[in-house]
Amino acid sequence: MSIINADSADWVRSEIRGGGTVLVDYGAPWCTPCKVLLPVLEDLHQEYGDDVSIVKVNCDELPDLAGEAGVMGMPTVIVYKEGQPVEKLVGLRPKAAYQGILNKVLQA
């Protein structure tokens, strides 16, 4: 599975509710920190493979979904497990921050 660019709020909700671990990146194409985050997400995808679904949400195209998630700044990364948000990071963080959260969630 690859990083998924969401085009439907209903699809994202379904993916989150589907269980497992889902990392959702809420951002926008014009957001420079969001662009910097993309290679980090690609590395995480390579590292975690099918253990973690990675979904990118364009807040300009899906503003209602971003509002539901409480996105106040970009990028916002929310990690969901079994349909529930377990961690939320606002702003660009080092790769190790995302790894630490994913490792903790996957071991729980």
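Here is a short chat between a trainee and a mentor about this predicted model.

Trainee: What should I know before I start, and what pattern does the chain follow along the sequence?

Mentor: Residues are numbered from 1 along each chain as its sequence is written, and side-chain values use heavy atoms, with hydrogens and water left out. Because the model is predicted, local features need pLDDT of at least 70 and side-chain atom pairs count only at pLDDT 80 or more, while totals for chains, interfaces and linings use all residues. Helices (H or I, at least four residues) and strands (E, at least two) are DSSP runs, numbered from the N terminus. There are four helices and five strands, and read along the sequence they give β-α-β-α-β-α-β-β-α.

Trainee: Which strands sit at the edges of the sheet?

Mentor: Two strands pair if DSSP finds at least two bridges between them. The open sheet has mixed pairing and runs β1-β3-β2-β4-β5. Strands that pair on one side only are the edges, and those are β1 (4-5) and β5 (84-90).

Trainee: What is the bridge partner of threonine 76 in β5?

Mentor: Strand β4 covers residues 76-81. It pairs with β5 in the antiparallel sense, over six bridges. In β5, threonine 76 is partnered by valine 90.

Trainee: How much of the chain is buried?

Mentor: Buried means under 20% relative accessible area, with exposed over 50% and partly exposed in between (1.4 Å probe, protein chains only). Of the 108 residues, the buried share is 45%.
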